[in-house]
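Visitor: Could you take me closely through one chain of this assembly, starting with how it is folded and then turning to what it touches?

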Amino acid sequence: MKLVTMAAVAALTIGLSGAKAEPVKVGMITTLSGGGAGLGIDVRDGFMLAVKQSGNEDLEVVIEDDQRKPDIAVQLADKMIQSEKVDVLTGIIWSNLAMAVVPAATAQGKFYLSPNAGPSVLAGKGCHPNYFNVAWQNDNLHEAAGAYANFAGHKNSFILAPNYPAGKDALTGYKRFYEGDLAGEIYTKLGQTDYAAEIAQIRASGADSVFFFLPGGMGISFLKQYEDSGVDLPVVGPAFSFDQGILQAVGDAALGVINTSQWNKDIDNPTNKAFVDAFQAEYGRLPSLYASQGFDTANLLLSAMAKADVKDADAFREALKAADFSSTRGSFTFGPNHHPIQDIYVREVVKEGDVFTNKIIGTALTSHADAYWSECNM
Amino acid sequence: MIRETYVNALTLLLLVAIPLWAVFMDEPFTITLMTRAAIFAIAAIGLNIALGIGGLVSLGHAVFFGIGGYAMGILAHHAQTYTPLAEWPFLIDGTKSMPLIWLVAIACSALAALVIGALSLRTTGVYFIMITLAFGQMFFFFAISWAEYGGEDGLSIYIRNGFPGLNTLAPIQFYGLCFVLLCLVLLFAWKLSKSPFGLALNAARQAPMRVETVGLDPKRVKLVAFVISGVITGLAGALFADLNRFVSPTMFSWQTSGEIMIFIILGGVGRLFGPVVGALAFVALEHWLGGLSDYWHIYLGLLLLVIVLFGRGGLIGMVSGREAVHD
Amino acid sequence: MSLILLIEQVLNGLQFGIMLFLMAAGLTLIFGVMGLINLAHGSLYMIGAFCAAAVAAASGSFILGLIAALAGAALAGALVELVVIRRLYDKDHLDQVLATFALILIFSEGTRWIFGSFPLFLNVPEFLSGPVTLPGGIEYPLYRLTLIVIGLLVALGLYLLISKTRLGVQIRAGENDREMIGALGVDIAMLYTIVFALGAALAGLSGALVGAIQSVQVGMGEPVLILAFVVIVIGGIGSIKGALIGAILVGLTDTLGGIFLPEALKLFFDPSTATSIGSSLASMAIYILMAAVLILRPAGLFGARA
């Protein structure tokens, strides 16, 4: 039966040679259950919103839940490639899962569009022509936080992140742009929920500002405890602890906190306005940056489908590289390592009615590329 | 007894027939799933020697699974980046050869099992469960902060390691390799349980005093069993890493220890084929239920509950209607 | 490192330990009386936190939230005991581990099904927020001080309950000889349900109290569960006193280890190496402590039965 289908497709291709309506099958591996499910659900919803809006029937999406486990992600990737025979993979949220899936998938000739994770290896030595990052390189938002700290006149920062590779990248990224001194540098336990000891050290350190990277529940805990401790040094962080899904759980403790992001719902362009409205209408909640990344990923893919046939890998790759779509972030281009060159904004947490959200107050870095592109040979 | 033999034969038949069917139907993913089940089965057979025969409820077997995985990851990582593993006292290079990796995995897990076993066997009962859990957590947190080998991100190995005469990249050939190893391990476990050592171990579980009176040291017997058990689980870890071409600290997590234990209980404790049936059933459930609902963990949980509460002797016990031979 | 900082860190370790005690007390009681390993204890902690968050959000009162946490967790505990747990008492530890592992799966995904995948909001009440100045000029959050006090009060209450009341006599008797108290006409089934619900309520209380300064989310219970097991094993299973001392030991080791190990290693290594080795050693510290205690005293510090 498989053979028959193959033959039919072959006949079709010959008959319609030159046409670009070859169907594209996308495999989305993302986190839909367990602790980190909020992020994966946002990416999925953003992605599917764009697919629905396009009305493009040549795009088929298979979605699977990786439970945030690397071995499950690898198994799903095998399944998508071996039995679903997808052309493009996308969806992974976490760097460690991306490292498990991406190198093998691209080596097998599949395209991978990253809607969230951007580990440094994949931007530098381990870059691949078929790998496109539509979100950011992991260091980007932290670099922007460092740049903002200079602008705000911070001279003595206390910095902390969890003791795992993304945490180390975060502090490296911050230090790459930050010009002042360090009052202290701490690696906390991954998944740690009590930061009393760290806050005491911050209090005793004589710092004039705090930078932290604590994604998910860790950030919620830290902010609540920081607020309660009475230490009132200014805090800067990347958007991951201030996304739409988390802010409501942090509450007042987050008000006024400065964070850096490549996206916000008030970026002034028609695509973004339409996206925010449509997302709210469709799902009844405000979109997060993850949702915007999912939305942009789908639109990038759709733009490439309109230009080239996915079976012609070289042409399709060029079409992706052109990034000829209107992004929710405004201008969006790929650098030589297929990572975004984009503006990164400074946001402040505000309250609109009953809802906590972010407002852009400035731009930290303009047309910012990552630090690893020169190591990439492809 | 007879019916259990039928169940065992049927299981073996499935292990051969399903992958062959998958090759014929061009469903390579089914082969990948079967490989996963076969590897889990090996890991669980390892634990079953300590747990089923020796009564050592170890909630830390992820240590050996992870050590096997990291043995593969570290050796292959050095081979793939062309950097030596050690330059002093003499040059050690990485390798991409499976038999060599297995040897290293076995040696490292044996050493770890010897140390952990010697310390843990000072305790019994719940304390034993908990101290093995503690060792698991130690390795887990160590692996997470071991930046040289990827920390929490883990290590990706781009191409599966080689075995002389086989193309391990072909799913069915790699499955074949795992299947042969599974059969060897099964044979070993069967011989072991019938051997004088196996009988002594069984006795050390049921009546340690009597073992002592005949001049054997029950602790020593248990320690040897623990090491054998760790070695087999370590071998499975190396295979699992090769299946995924990836290792990460998840292999050391207490949930992994729990899952290996689940395979055994699901299939039937102390039965030769219990771990195999359990692993097959678990992989199948994971695959089917995951497709049914985002909340499939609820159904998995309910099913496990039913088996524990009402199914005496696991799946095999339910089918064959008998308690395990020596229960 | 100043003395003030040291005192503040000791208080932090103490507070962390006391919260662990609330979890560990229930766990150790349940094990002591019924001989049950309950991996699902972390789920009861989570249920407490979610009940508190939901009720506090609806009513605007933190106190009502706490009451809801106690009631909700006790109810869930009693229900689980009646439906599932009571069938596990005569099974071996292996079956108990598996069945309660299954309960974790059901509770976690069930909670996610009801409350969604995003963390809930629960904050420190107005009258307990902000820092207070202690003698010596130490600024310390009022809420954390309150937690220490509540924890110690609960410990005292448990002590009185067990040593002075009729229920306490039955519990102690149950720990010593299960068959005998049944023969003496005590309603064993009832006693077990009460003990289980009591343990669950303590876990729920702890979840709600801690949830206010951490995040209320699915999966919050498992890390605490593992720590609580470490605590009761160090203290000796079944011993409330052991649980209290074990909890404080673990709290102090974890908090102080995280600070002093990197500092101490800076004497031997350059700062960044010291920070990274120190942090990884610190994350293993309590497990090393536990293994060491068990190797020296195989039944824990205050364990009666090996």
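**A close look at chain A**

Guide: In chain A, among contacts (C-beta atoms, placed from the backbone, within 7 Å) with a separation of 6 or more, 71% join residues 24 or more positions apart. This is a predicted model, in which local features need pLDDT of at least 70 and side-chain atom pairs count only at pLDDT 80 or more, while totals for chains, interfaces and linings use all residues. Residues are numbered from 1 along each chain as its sequence is written, and chains are lettered from A and ligands numbered from 1 in the order in which they are written.

The secondary structure of chain A comes to 13 helices and 13 strands (DSSP runs, H or I of at least four residues for helices and E of at least two for strands, numbered from the N terminus). Of its 378 residues, 62% count as buried (20 or more other C-beta atoms within 10 Å of the residue's own; 12 or fewer would be exposed, and anything in between partly exposed). Taken along the principal axes, the C-alpha atoms of chain A fill a box of roughly 75 × 45 × 35 Å. The radius of gyration of chain A, 21 Å, agrees with the value near 21 Å for a compact globule of 378 residues, where the radius is taken over C-alpha atoms and the globule rule is 2.2 Å times the number of residues to the power 0.38.

Within that outline, chain A is divided into domain 1 (2-136 + 267-338) and domain 2 (140-261 + 344-375), with bounds that come from an automatic or database domain assignment. The C-alpha centres of these two domains of chain A lie 29 Å apart, and their contact takes 18 residues from domain 1 and 19 residues from domain 2. On the domain 1 side, the elements of chain A that give two or more residues are helix H2 (37-54), helix H5 (120-123) and helix H12 (289-307). That side of domain 1 divides into eight nonpolar, eight polar and two charged residues; here Ala, Val, Leu, Ile, Met, Phe, Trp, Tyr, Cys and Pro count as nonpolar, Asp, Glu, Lys and Arg as charged, and the others, Gly among them, as polar.

Helix H2 of chain A also takes part in the contact with chain C, in which 31 residues of chain A meet 38 residues of chain C. At least two residues each come from H2, strand S7 (181-188), helix H8 (196-205), helix H9 (217-229) and helix H10 (244-250) of chain A, and the largest share of this side, seven residues, belongs to H9(A). By residue class, the side of chain A that touches chain C has 10 nonpolar, 16 polar and five charged residues.

Chain C is also in contact with chain B, through 37 residues of chain C and 35 residues of chain B. On the chain B side, H5, helix H10 (254-267) and helix H12 (296-310) of chain B give two or more residues, with H5(B) supplying the largest share, 12 residues. The residues of that side of chain B divide into 27 nonpolar, seven polar and one charged.

One residue of chain C may serve as a last example: Gly207(C) has its place in helix H8 (residues 188-211) of chain C, and it counts as buried because it has 34 C-beta neighbours inside 10 Å. Leaving aside residues up to four places away in sequence, Gly207(C) touches Tyr45(C), Met46(C), Gly48(C), Ala49(C) and Ala69(C).

Terms used
Contact = placed C-beta atoms within 7 Å.
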